[in-house]
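Trainee: I would like to learn how to read a structure feature by feature, beginning with its surface. Could you show me the model and then take my questions in turn?

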Amino acid sequence: MPLPSLGVPGLRRRAGEALLRRVAGPTAHEKRTRIHGTPGPRWFAPERPVRVVHGDASMYIGGLAALLLQSLHPVAMAAVSAHSGFQGDPWGRLQRTSTFLAVTTFGTSEDAERAVLRVRRVHERVVGTSPDGVPYRASDPHLLTWVHAAEAYCFLRAHQRYGRHPLGPDGLDGYVADMAHVARRLGVTRPPETRDQLVKCIAGYRPELRATAESRATTRFLLAHPPLPRPALLPYSLLAAAAAELLPPWARSAVDLPVATRLLLPVARPGGRAVTAAIRWASSAVPVVETPPYVSPPP
């Protein structure tokens, strides 16, 4: 069928469905119905900052930025390279991660607890030695704290720059506190609970961070050679530049950006705004799942 005959609404629906299935997998609608439509207590009330941030299109930029930042920890990167297989199955890994975030943010407490337990069981099996001879285990609270802090930091920065409703000062601390609620269940012993603590936490890891062969390969894969159809490459390149520009200057220089991404940095912010607007436009065509009344979990 020729594209013009679809009309704008048809194109919008197709784009929204394609995006949803790319991020959430072939059973995306079934997952959404279970996560959002199942009655029962939830960890977070509808007005909590974590719901505002994780429900916004800015997460696409924040998620990519988090992967780039996380890759600078040599031991964490060695564990990912050896055990995750993300280059062989990048969309599967993305779908598992997005499902975990959705379940713990919007799902029932029972489903959230189950999701955390699954991740903890996987972490217990991930053990090895880095190329530098450093032994690691994915359940190590120090490594878990780094992964958690990098995610929270990038998700929050992306939302404040590209989100539809940026958070106020109380909301910033509230988001970090909400994320700490999940982190503790994953095995993080002392997660940051305010924005200031989060910034200090990231700074505290700087002496451990550096580029490695694994991190450079990750950067090339994510920014220069993404597994995407040709029509998606231009908007993705703008999203990639926005994610790279979101990083602190010291991290941006360390990740060894491809030339194309560096050239786009001067237009990263308008490009990021354009991409998030396009994602919102397409996503709004996907039918909304009716959610049951909020029920708080027992104390």
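Trainee: How much accessible surface does the chain have, and what share of it belongs to carbon and sulfur atoms?

Mentor: Bear in mind that this is a predicted model. The chain has an accessible surface of about 15,000 Å², and carbon and sulfur atoms account for 59% of that area. Turning from the surface to the interior, 46% of the 299 residues are buried.

Trainee: What does the radius of gyration say about the overall form of the chain?

Mentor: The idea is to compare the value with what a compact globule of that length would have; for 299 residues the expected radius of gyration is near 19 Å, and the chain agrees because its own value is 19 Å. Along the principal axes, the C-alpha atoms fill a box of roughly 60 × 50 × 35 Å. The secondary structure within that box consists of 15 helices and two strands. If you count the contacts with a separation of 6 or more, 76% of them join residues that are 24 or more positions apart.

Trainee: How many aromatic pairs does the structure hold, and how should I read the angle between the planes?

Mentor: There is one aromatic pair in the structure. Its members are Trp146 and Tyr205, whose ring centres lie 5.3 Å apart and whose planes meet at 40°, so the pair is tilted; planes under 30 degrees apart would count as stacked, and those over 60 as edge-to-face. The pair links distant parts of the chain, since Trp146 sits in helix H8 (residues 141-162) and Tyr205 in helix H10 (residues 195-205), 59 residues apart.

Trainee: Are Trp146 and Tyr205 buried or exposed?

Mentor: Both Trp146 and Tyr205 are buried. For a contrast, look at Pro26, which counts as exposed because its relative accessibility is 66%, where the cut-off for exposed is over 50%. Pro26 lies in the loop between helix H1 (7-24) and helix H2 (28-37). Leaving aside residues up to four places away in sequence, Pro26 touches Arg21 and Gln95.

Trainee: What is notable about the phi of Asp256?

Mentor: The general idea is that most residues other than glycine have a negative phi. Asp256, however, has a positive phi of about 60° although it is not a glycine. Asp256 is placed in the loop between helix H13 (249-254) and helix H14 (259-264), and with a relative accessible area of 42%, Asp256 is partly exposed.

Terms used
Residues are numbered from 1 along each chain as its sequence is written. This is a predicted model: local features need pLDDT of at least 70, side-chain atom pairs count only at pLDDT 80 or more; totals for chains, interfaces and linings use all residues. Side-chain values use heavy atoms; hydrogens and water are left out. Helices (H or I, at least four residues) and strands (E, at least two) are DSSP runs, numbered from the N terminus. The radius of gyration is taken over C-alpha atoms; the globule rule is 2.2 Å times the number of residues to the power 0.38. Buried means under 20% relative accessible area, exposed over 50%, partly exposed in between (1.4 Å probe, protein chains only). Contact means heavy atoms within 4.5 Å. Accessible areas come from the Shrake-Rupley method with a 1.4 Å probe; for residues, only the protein chains shown count as cover. Rings of Phe, Tyr and Trp (its six-membered ring) pair if their centres lie within 6.5 Å; planes under 30 degrees apart count as stacked, over 60 as edge-to-face and the rest as tilted.
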